[in-house]
Each structure stands twice: as C-alpha cells, then as structure tokens.
Amino acid sequence: LSSSSAASDVYKRQIHLAGASSNVLIRFCNIYGNTGDGIRIDGADSIENSIIGVKTGIGTNALLEEFLSRNTGNGLYIGGGAKQVQVGNPEHRRFPPGRIGTGGDNDRNYFYANALNGIHINGSDTTGHQIQTTYVGGSTFGVDRTNGVNNLLIDGGSRRNSVGGLPSMWVTLGSSTGSISALDPTLACRFRNAANGAGILLDDAHNNSIIGCDFSGNKVGLHLRNGSQNNTIGNPGDINALVMEKIFLGPVDFPEESITLFRPFNFFGFHTEVCIWVEDSGATITEGFLPANPNVFQGNMLGMADEKQGALPSDVGLKITGTSYGNIFGGPETSSGNRFDVANLAGVLIEGVTYPSPGHRNHFRNNLFKFNGLFKQGDFDARTTTPPGVGLLIKDSDKIIFGESSKAPNTIQGNNYGVYLENTTNSTIRGNIIKDLSLIHI
C-alpha cells in the first residue's frame, strides 16, 4: 500500500500480509482504531516486506481522545515464520536542508497508542528482521500515545533481528554554515513511555542486536529474561572516516575538522524502575570451557537524567537477578566500557545471584560507575538500611566475583558509596579503581 502525497487512513480493519506475501511495501499509512493488530505479517513464505512512514494510534486529528485511535492488539505483529521484514527506511538521512542525504522525518515509523505492544516479533522461525528509523511510544500534541504493555517485544525464540544501527553521532557544523550541535538519530530507534512494561523486552530471544537507540520513560528500558542468549547490546569504538564514506555514499561536504563523531551508543534516560534488567539470562556454562553465547553489553550510557522530559534519574542503572551467568559488560579496550551514571539507588545492582563456580561469573571490564546518588544526598546509617547512591550494590547473593584484573579495571568514582554488600557472602571484589567518593569506598 503506497501513497505519494497525504497519508491514507485505514480504519476499523488491519493490513494483513499472509501466506506467500513477499516484497510488499506498506508506506505512508495511518492505521488506527482497528480490532486486533494494526499490521499483521505471518506465514513462512512471507519474505522481505517493508514498512516505511507508517503511523499507528494517531487519527486524522491528533487531538482526538487517545482510546478512539487505539488498535486493540499490537501496532505491528510479525510471526508465523515470516522473515526479513524491513521496518523503517535503511537509507534515511536527517540533515539540515541542502546538506547530505535525503528523507527527513516523513519516512519515519511511529508505533503509538496500541493496547498491547507497539511491535511484537514472535517465534523461533521468525527471523532476520530489521527495525530502523522507528519511534515506538511517546506523545503527540501533548496527548499520551503510550503502548499498553511493551514498546517492542521479541519472544518465542526469535533470533537474528537488528534494532537501530549506524550511525548515531554528534555532528558539529563549522561556523561557515552556522553552529549546529545535535544528536542526529538517522537510523536509530526510540522507545519511550511504556509505563507498564519495557522499552524492549527480549523473552527467550537470541542473537539479536540493539545499537544506537534511545530509551526513556519506560518502567524498564531493556529487559532480558527467560534464557535470552547471544544478544549484542551497544557497539564499542569510534566511527572512523571509512565508515563515514560508506554511510554517506560520497565525500563529506563540510570541513572535516568541524565534525566530532562518537561511538553509536544506546542511551538510557529516566525509567521508573531500571534501565537494563538481566533476569535468568546469559551464557551456557560448561566447566573448563569459555562461556558459550553470552549477552554482550558494550558502549552503553545508562541512568542519565533526561533534561528534555524534566525527569529525575532512574533508581537503578543495571539490575542482574536469578540464573544470569557469563554475560559480558565492557571489554579489554577502554572504548568497550559502559557508563552507569546518576542512578538514585545504584549504578549496578546484583540481587539474589549465586555463582555455582568462578566460571559462572558475569564479566565486568573498563566500565565507569559515576555520580550515583547525585540527587540523593543526606545522612544515612549504612549499617541499618541500604543507602542511596551506590556504585555497585550486591544484595542477597553468594560467591559473587566482580572485576577481572587491574589491566582492565572498572572505575567507581564520585558516588556516595563505592561498593555496598548487603546479606552477601563469600564474594570477591578485585582489580577496580575506587576513588573520590562522598562517603565510604566499600
């Protein structure tokens, strides 16, 4: 379905691609008020369909009451063995007029105001989907357009899905063209305001990648559970000139020295509970062998206050619970590290975890825990209650090992407390730099 001018309205009926529907383009449609899903793509022979410039939950009058425009199911459902759906325009560019690229915001997808999930990808044979230039959850004209459960749910063993992508960068134009400094989303996705669920929930989901995305205002930013393995969250390193040339398909037309590029990080702003929660998910551990299929978290920024929304920081940056073993946070290079900043309670909380052996430990290298408790100052008796503003909080756990070696230290700096162990036994803290704390180091 395509429209080259004003958006088409599909009312009281869904778009359903079933069976052998392949190479179909759904473009520039408003899809709202349906009983069931807004768009449904299923069937093992449904391959390489595309969704560009679609809106759900937004009627022709954006000021109408929210529930008049809701789809009663998901905004987009992909299942039944469907493969390689392209959600969003992979050639999207959003630069000032006359600069590099084409597109603008007209070809961005908006999955808002659905009763269930914004997007749901389901099934072990439902694989290879790509989500880019897509906003899931938020508001328009001051009207709440949140999805009822999660913004994006990937479950049932679905794998090899990609969310976001290069580039997510900071671009500063030289004075000859005016001063512009902005985070340009380009291919990135945004997941906001899922008050009852997660920005992204990976539930029994494997080998997926999430790069260059923005999370804020959700109950949980990113939630991994039910044995999710081998997922890549974030991307280390800087974008170099070769990548620039590949992205823009030609030479850059403004002075090279005026551009500052940072790695394509995931940004986690304010969340009502936690930025990232790893629950019963991680590597397969076999004694004598390296962990197999760990989840890898690199180059992420967690817990920062969201000034645009006027929100305070999250309570917890990263939470690890249950049988979550062998996950990797950071890496041997400094650029691989994650930042756990400005959380009210703790930058990282490990709760209710017991490592059966040293080989089951989660690996933390070159991460930064900074300014946790910045907005929670005061006198607290740490002997009788869990204090706020802890860099690393380990609670109700046993045989925890945190830190690898002094060659790849985690830095715990500027918090109220550095490390706080509560009802935790037989644990080891090693190879970390702990400094400049307001109160107590350990």
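**Salt bridges and paired strands in a predicted model**

R40 is partly exposed, with a relative accessible area of 25%. The structure it belongs to is a predicted model, and this briefing looks at how some of its charged side chains meet and how some of its strands pair. In total, eight salt bridges are counted in the model, and three of them are described below together with the setting of their partners.

**The pair R40 and D42**

- R40 forms a salt bridge with D42, and the closest nitrogen and oxygen atoms of this pair are 3.1 Å apart.
- The two partners differ in their surroundings, because R40 at 25% lies between the limits of 20% and 50% and is therefore partly exposed, whereas D42 at 16% falls under 20% and therefore counts as buried.

**The pair D203 and R225**

- A second salt bridge brings together the side chains of D203 and R225, with a distance of 2.9 Å from N to O.
- D203 belongs to strand 21 (residues 198-203) and R225 to strand 24 (residues 220-225), so this contact ties together parts of the chain that are 22 residues apart in sequence.
- D203 is buried, its relative accessible area being 12%, while R225, at 30% relative accessibility, is partly exposed.

**The pair R361 and E404, and a network**

- The side chains of R361 and E404 also meet in a salt bridge, here with 3.0 Å between N and O.
- R361 sits in the loop between strand 33 (346-351) and strand 34 (363-365), and E404 sits in the loop between strand 37 (401-402) and strand 38 (411-413), so the pair links parts that are 43 residues apart in sequence.
- Both R361 and E404 are buried.
- Elsewhere, D37, R40 and D42 are joined into one network by salt bridges that share partners.

**Strands that pair in the parallel sense**

- Strand 2 (residues 15-17) pairs with strand 5 (residues 39-42) in the parallel sense, and three bridges connect the two.
- Within this pairing, I15 has I39 of strand 5 as its bridge partner.
- Strand 5 also pairs with strand 8 (residues 76-79), again in the parallel sense, this time over four bridges.
- For I41, the bridge partner in strand 8 is I78.
- Strand 5 thus takes part in two parallel pairings, one with strand 2 and one with strand 8.

How values were computed
Residues are numbered from 1 along each chain as its sequence is written. This is a predicted model: local features need pLDDT of at least 70, side-chain atom pairs count only at pLDDT 80 or more; totals for chains, interfaces and linings use all residues. Side-chain values use heavy atoms; hydrogens and water are left out. Two strands pair if DSSP finds at least two bridges between them. A salt bridge is a side-chain nitrogen of Lys or Arg within 4 Å of a carboxyl oxygen of Asp or Glu. Buried means under 20% relative accessible area, exposed over 50%, partly exposed in between (1.4 Å probe, protein chains only).
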